[in-house]
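Student: I am new to this structure and would like a close look at a single part of it, the place where two helices pack against each other and what lies around them. Could you take me through it in one connected account?

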Amino acid sequence: MSLAQAVRVVGGREIGPLATAARVAGGLLFVAVATLSDAISAWDIVAALGALPLIAAAVALLVRAAFHGRAPDPVGARHPLSSPGLCVLGLVIAIATALTFITPVDAPAIWLFFGVSMLVAAVRGQGGCEVVALPNLLFGREDRVTCVFYGPVDAVESRHRLRRGTTS
C-alpha cells in the first residue's frame with residue numbers, strides 16, 4: 001500500500017490542510033488570471049470545462065499506458081522530472097496552446113481549466129497533479145498522476161501526518 005493510499009484509507013483525504021490551501025490559492029489565482037486577462041468567451045468556458053478535461057483524461061490514459069508498457073515499476077516511484085505526470089501536464093498544455101491557434105479558444109480557457117482543476121482537487125482532497133482532478137470528477141474516476149509542484153508538498157505533509165498518527 002502506498003503512502004497516499006494509507007492516508008486515504010485512514011482519513012478519507014489524500015491531502016492535508018497545507019496541500020489543500022496550496023491548491024485553493026493556486027486555483028483562485030488561475031481563475032482570477034482567466035477572468036481578469038482577456039475577455040473570457042463562451043468558447044473558453046466550454047473548452048475549460050468540457051474539451052480540456054476530455055483531452056486531459058485521454059492524454060493521462062495514453063501516457064500511463066505508454067509508461068507502464070516500457071517500465072512497469074510503480075509510476076510514482078520515478079523521478080518527478082521523468083514522470084507520467086509531467087508528460088501529461090506538458091502534453092495537455094501543448095494541446096491546449098495549439099487549440100488557441102486553430103479554434104476560437106483563447107488563453108483564458110487554459111487558465112480557467114487549471115484553476116478549476118486545482119479547486120476541485122482541493123475540495124475532493126486529491127493528491128497528485130491537478131490536471132486529472134476535473135476529469136476525475138466529471139467521469140467518476142480516481143486516476144492519479146504525479147505532480148512536480150504539489151507532489152513534494154503532498155509527500156511531506158503525508159509523512160508528517162502519518163508520523164503524528166493524525167489524518168487532518
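Tutor: The secondary structure of this protein, which is a predicted model, comes to 7 helices and 0 strands, and from the N terminus on the elements run α-α-α-α-α-α-α. Of the 168 residues in the protein, 40% are buried, and among the contacts between residues at least 6 apart in sequence, 67% join residues at least 24 apart.

The part to look at closely is the pair formed by helix α2, residues 17-36, and helix α5, residues 107-124. Two packed helices are described by the angle between their axes and by the distance between those axes. Here the axes of α2 and α5 come within 7 Å and cross at roughly 155°; because an angle over 145 degrees counts as roughly antiparallel, α2 is roughly antiparallel to α5. The crossing in which α2 passes α5 is left-handed.

On the α2 side, the residues that meet α5 include Thr20, Arg23, Val24, Leu28, Phe30 and Val31, while on the α5 side the residues that meet α2 include Trp111, Leu112, Phe114, Met118, Leu119 and Ala122. Sorted by class, this contact of α2 with α5 has 15 nonpolar, 4 polar and 1 charged residues.

Two of the residues just named, Thr20 and Ala122, also lead to Arg13, which is found in the loop between α1 (3-11) and α2. The side chain of Arg13 makes a polar contact with the side chain of Thr20 at 2.9 Å, and the side chain of Arg13 also reaches the backbone oxygen of Ala122 at 2.8 Å. Arg13 is partly exposed, since its relative accessible area is 27%. Arg13 and Gly125 are 112 residues apart in sequence, yet 4.8 Å apart in space from C-alpha to C-alpha.

A further residue to consider here is Glu157, which lies in helix α7, residues 150-164. Glu157 has a relative accessible area of 10% and is therefore buried. Leaving aside residues up to four places away in sequence, Glu157 touches Ile15, Gly16, Pro17, Leu18 and Ala19. Within that group, a polar atom of the Glu157 side chain lies 3.1 Å from the backbone nitrogen of Gly16, and a polar atom of the Glu157 side chain lies 2.7 Å from the backbone nitrogen of Leu18.

Note on methods:
Residues are numbered from 1 along each chain as its sequence is written. This is a predicted model: local features need pLDDT of at least 70, side-chain atom pairs count only at pLDDT 80 or more; totals for chains, interfaces and linings use all residues. Side-chain values use heavy atoms; hydrogens and water are left out. Axes are lines fitted to C-alpha atoms, for helices over the stretch in contact, and angles run from 0 to 180 degrees between N-to-C directions. Helices (H or I, at least four residues) and strands (E, at least two) are DSSP runs, numbered from the N terminus. Angles under 35 degrees count as roughly parallel, over 145 as roughly antiparallel, 65 to 115 as roughly perpendicular and the rest as oblique. A crossing is left-handed if the near helix is turned anticlockwise from the far one by less than a right angle, and right-handed if clockwise. Contact means heavy atoms within 4.5 Å. Ala, Val, Leu, Ile, Met, Phe, Trp, Tyr, Cys and Pro count as nonpolar, Asp, Glu, Lys and Arg as charged, and the others, Gly among them, as polar. Buried means under 20% relative accessible area, exposed over 50%, partly exposed in between (1.4 Å probe, protein chains only). A polar contact is a pair of N or O atoms within 3.5 Å; within protein, one must be able to donate a hydrogen and the other to accept it, and residues adjacent in sequence count only if both atoms are side-chain atoms.
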